[in-house]
Amino acid sequence: MEPATLDDIAESFVKLTLALGQHDQDYVDAYFGPEEWKEQVVDQELTLAQILEQARALSDQIAALSPPADDAMLSQRQIRLARTIESLAARASLVAGNQASFDDESKALFDAVAPTYDAAHFQAILEQLDRALPGTGPLTDRYAAFKVDFAIPGERLDDVFKAAIEACRDRTKEFIELPAEESFVVEYVTDKSWSGYNWYQGDFHSLIQVNTDLPIFIDRALDLACHEGYPGHHVYNLLLEKNLLRDRGWSEFYIY
C-alpha cells in the first residue's frame, strides 16, 4: 500500500471537517469543494468517536512524512495541516463531552494561550481613562455619555458602512493586489451572539453580516469594515483561495 501524500491527507482532513460539522453546526463557516465529498460524508454518518479515531490516524500519517527539504512553502503546508488536524481532534473531543481548562482548550484549538495580567495592569488603564474623560461621577457612566454623540442613526447605518468599506478597500489596494472580480455583500441582522461576521462564499466573494441589536458607533463601523472586509477576513480568505487553492491545488483550503 502506497503511503499517504500531503494531498491525500488534505482531502481526508476536509471530509473529516465536514463530518464534524454534522455534529457541531458552528464548526464549518464555508465549504466550496466538490459536492461529491459532502455527499460521501453525509452517507458515511461518522460518529464523534470515529471522527476522533480517524483524526488521530491522520496525525500519525502526516508525522510519518519527511519534511520537504527544498520547498519552504510545502514545509509550512505540512506544519499547518498537522496542527489543523490536531485542532479538529481537540474539537471533536470537546463536542463529545470531554472538558478542558480555558488555556488548554485555546492551546488545543488555536495553538495560542491568552496572556495573563494582574489587577495593576488594568487599574493603570482605568486611571488613564479617568483623566481623559470629561465630567464627574462613575467612569462607566462618563464613558457611556461620551459615546452617545458617536452612535450611528439607524437610517444612516448602510451609508456609513458603505463609505467605511470603500475607504478600507481603497487603502488596502495600495498594498495588496486584489482580483478584479472580488466583492462582498453587507447584510443587517438581529438576534446574534456577535456584532459582525464574515461568511466567505468562494470565488472571491463574501457575505458580511452586521448585528443591529445594539447601538453601532462610528469607530465600530470602521473596525468592522477593516476586520471583516479590507484587509481582514474577506481579503485573507480570497488570497488563500487564489494563492494556495487555485494556484497550488491545496485542497485543505476548500473549507474554513
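## A walk through the chain

Let's start on the outside: Tyr117, Phe122, Ile125, Leu126 and Leu129 make a nonpolar surface patch of about 450 Å². A patch here takes residues with over 30% relative accessible area and no salt bridge, joining nonpolar side chains (Val, Leu, Ile, Met, Phe, Trp, Tyr) within 5 Å and like charges within 9 Å. The areas come from the Shrake-Rupley method with a 1.4 Å probe, and for residues only the protein chains shown count as cover. This is a predicted model, where local features need pLDDT of at least 70 and side-chain atom pairs count only at pLDDT 80 or more, while totals for chains, interfaces and linings use all residues. Residues are numbered from 1 along each chain as its sequence is written, and side-chain values use heavy atoms, with hydrogens and water left out.

Ile125, one of the patch residues, is found in helix H6 (residues 119–132). At 36% relative accessibility Ile125 counts as partly exposed, the class between buried (under 20% relative accessible area) and exposed (over 50%).

Now for the overall picture. The chain has 10 helices and three strands, taken as DSSP runs (H or I of at least four residues for helices, E of at least two for strands) and numbered from the N terminus. From that end the order is α-α-α-α-α-α-α-α-β-β-β-α-α. The C-alpha trace spans about 75 × 45 × 40 Å along its principal axes, and 36% of the 256 residues count as buried.

Helix H1 (residues 6–21) is a good place to look inside. Its 16 residues should span 22 Å, and the end C-alpha atoms are indeed 22 Å apart; the expected span is 1.5 Å times one less than the number of residues. Because 12 of those 16 residues are buried, H1 is largely enclosed by the rest of the structure. Among the buried ones are Leu6, Ile9, Phe13 and Val14. Lys15 is buried too, and Lys15 forms a salt bridge with Glu11, the closest N and O atoms being 2.8 Å apart. Glu11 itself is partly exposed at 28% relative accessibility. The two sit four residues apart in H1, so about one helical turn separates them.

That brings us to the other salt bridges, each a side-chain nitrogen of Lys or Arg within 4 Å of a carboxyl oxygen of Asp or Glu. The count comes to 14. In one of them, Arg91 meets Asp24 with the closest N and O atoms 2.7 Å apart. Arg91 lies in helix H4 and Asp24 in the loop between H1 and H2, so the pair ties together parts that are 67 residues apart in sequence. Asp24 is buried at 8% relative accessible area, whereas Arg91 is partly exposed at 24%.

Arg83 and Asp111 also meet in a salt bridge (3.1 Å, N to O). This pair links distant parts of the chain, with Arg83 in H4 and Asp111 in the loop between helix H5 (102–110) and H6, 28 residues apart. Salt bridges that share partners also join Asp7, Arg77 and Glu252 into one network.

Last stop, back on the surface: Glu35, Glu36, Glu39, Asp43 and Glu45 form a negative patch. Asp and Glu count as negative and Lys and Arg as positive, with His and the chain ends not counted; each charge is placed at NZ of Lys, CZ of Arg, CG of Asp or CD of Glu. Asp43 is found in helix H2 (residues 35–44) and counts as exposed, at 63% relative accessibility.

Terms used: Buried means under 20% relative accessible area, exposed over 50%, partly exposed in between (1.4 Å probe, protein chains only).
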